[in-house]
Amino acid sequence: MLEKIAVIGVGKLGICFALNLEKAGFEVWGIETQAEYLSSLQDRTFQSQEPQVNEMLASSKRLMLTDDIECISEQEITDIFIMVATPSLPDGGYDHSQVERVVAKLQELPSSAESRNLYIGCTTMPGYCSELGDRLSAFRYTVSYNPEFIAQGDIIKNQLKPDQVLIGEANELVGERLQAIYERMVENDPVYCRMDPLSAEIAKLATNCFLTTKISFANSIGDLAVKAGADPNKILSAIGSDSRIGPKYLGYGFGFGGPCFPRDNRALGKFGEMLEYPLLLSKATDQVNDEHFEFQLQQLLANEKETLIFEGVAYKKGTSQITESQQLRLAVAVAQRGRKVIIRDSVEVIDQVKMLYPGLFIFEPEPSLAN
Ligand SMILES: NC(=O)c1ccc[n+]([C@@H]2O[C@H](COP(=O)([O-])OP(=O)(O)OC[C@H]3O[C@@H](n4cnc5c(N)ncnc54)[C@H](O)[C@@H]3O)[C@@H](O)[C@H]2O)c1
């Protein structure tokens, strides 16, 4: 009976997933190497900005948190999610070294009677999971790919009510097993998209490439409309009313940013390069994002007010993430051109911006922007 599950790497994504699995009735073993963070999870003092996480963590009874990967063999756990970070490399690809460190430890565990199933939840370069699966088969591990489509600020909700569950299965039986875990956890009726790991890795990156393309399309039509003296919002709302297109991610606003969209878009471009297939959309989308930034900057500078106010500079309202935030990039560019800039945001965001740009801004804490 499938009862125990391990989640290796209980960071932003992993802790939410572990809590949702626990809520579904599994006994969950969260394995984490950052000592201070781990002890704050163990004594339940950790405070997350993600909705519901603090309450779920405080009341969790069957979520064990440890730095000892040997719990996997001791507890005879055969379903293991890996959710460590995969930072971007300068060439746009993904760095799998944290996954490799986990794998090296897993190889040292005493072998089990049943084979162990690894589900890679990290974003990877296409081809990585199959290659890893080939390497690990001698150690009786299967490797499947199972990425998440979540937005920060909504992680718990998105995991419980996904549109689709993408499963790049090592084999059909493992795919069934993974689907069964999700069927027990989710609170809706998602589409289960099952395929080989390589196809799933491409599907993950391509989904985000499509969204960045849609955002860049909306912003370039919006900029064109402004130049022409037309109404960008009315134009985009008309386009989005066509059911073949839809209104989501088709507003006129800031360019795309955050920890996922830009990275996945570039990684797909990098994968194209590796196959000598120039994926023009990936590059064009990034270029349009930069051109839109310049357009917005010129508009802000044309504003004659001496002081400009930015209401929130996180890449998305309700989060404290400033990674590749276009809002912050604009605020910096305006301030560096000698304008007085006031940033209104949560204390978490203000603290990060202060560290990065000492003395550049005036800050007004705005608790309502925290969540
Ligand atoms: N956070 C998101 O919004 C998001 C969305 C989609 C996909 N992803 C992908 O999910 C993966 C995880 O992202 P995240 O944002 O949760 O990262 P994170 O950095 O917040 O969490 C990773 C955690 O893994 C831990 N860790 C590292 N090495 C370990 C090891 N050997 N053993 C145990 N724990 C270890 C780290 O200490 C950290 O707490 C990445 O590949 C990311 O691209 C993230």
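Begin by selecting helix 9 (residues 197-228) and helix 11 (residues 261-274), whose axes come within 8 Å and cross at roughly 115°. The two helices are therefore roughly perpendicular to each other, a label that covers angles of 65 to 115 degrees, whereas angles under 35 degrees count as roughly parallel, those over 145 as roughly antiparallel and the rest as oblique. Here and below, axes are lines fitted to C-alpha atoms, for helices over the stretch in contact, and the angles run from 0 to 180 degrees between N-to-C directions. This is a predicted model, in which local features need pLDDT of at least 70 and side-chain atom pairs count only at pLDDT 80 or more, while totals for chains, interfaces and linings use all residues. Residues are numbered from 1 along each chain as its sequence is written, and helices (H or I, at least four residues) and strands (E, at least two) are DSSP runs numbered from the N terminus.

With that pair still on screen, note that the crossing of helix 9 and helix 11 is left-handed, in the sense that the near helix is turned anticlockwise from the far one by less than a right angle, clockwise being right-handed. To display the contact, select Leu205, Ala206, Asn208, Cys209, Leu211 and Thr212 in helix 9, together with Phe261, Asp264, Asn265, Ala267, Leu268 and Phe271 in helix 11; two residues are in contact if their C-beta atoms, placed from the backbone, lie within 7 Å.

Next, keep helix 9 and add helix 12 (residues 280-302). Helix 9 and helix 12 pack at an angle of about 40°, with their axes 9 Å apart, and they are therefore oblique to each other. Helix 9 passes helix 12 in a left-handed crossing, and the residues of helix 9 that meet helix 12 include Cys209, Thr212, Ser216 and Asp223, while among those on the helix 12 side are Leu281, Ser282, Val288 and Phe295.

Phe210 also lies in helix 9, and a distance label is useful here: Phe210 and Ser282 are 72 residues apart in sequence and 8.9 Å apart in space, C-alpha to C-alpha. Phe210 is partly exposed, with 15 other C-beta atoms within 10 Å; a residue is buried if 20 or more other C-beta atoms lie within 10 Å of its own, exposed if 12 or fewer, and partly exposed in between, with C-beta atoms placed from the backbone.

Now show helix 11 with helix 12, whose axes come within 8 Å and cross at roughly 145°. This crossing is left-handed, and the contact is made by Asn265, Arg266, Leu268, Gly269 and Gly272 of helix 11 and Ser282, Lys283, Thr285 and Asp286 of helix 12.

Move to helix 5 (residues 97-108), which has 12 residues and reaches 17 Å from its first C-alpha to its last, close to the 16 Å expected at 1.5 Å a residue, the expected span being 1.5 Å times one less than the number of residues. Which residues of helix 5 are buried? They are Val99, Val102, Val103 and Leu106, and, seen down the axis of helix 5, they fall within an arc of 100°, so they line one face of the helix; the arc is that of the directions from the helix axis to the C-beta atoms. These buried residues pack against strand 1 (4-8), strand 4 (79-82), strand 5 (116-120), helix 6 (128-136) and strand 6 (141-145). Turning to the face away from the buried side brings up the exposed residues Ser97, Glu100, Arg101, Ala104 and Glu108.

Then select helix 14 (residues 347-356), where Val349, Ile350 and Val353 are buried. Viewed down the axis of helix 14, these residues fall within an arc of 95°, so they too line one face, and they pack against helix 13 (326-336), strand 10 (340-345) and strand 11 (362-365).

Gly312 is in the loop between strand 9 (307-311) and helix 13. Gly312 is buried, with 20 other C-beta atoms within 10 Å, and its C-alpha is 7.9 Å from that of Ser346, although the two are 34 residues apart in sequence.

Finish with two backbone checks. Gln52, in the loop between helix 2 and helix 3 (53-59), has a positive phi of about 75° although it is not a glycine. Arg140, in the loop between helix 6 and strand 6, has a positive phi of about 65° and is likewise not a glycine. Gln52 is partly exposed, with 17 other C-beta atoms within 10 Å, and Arg140 is partly exposed, with 13.
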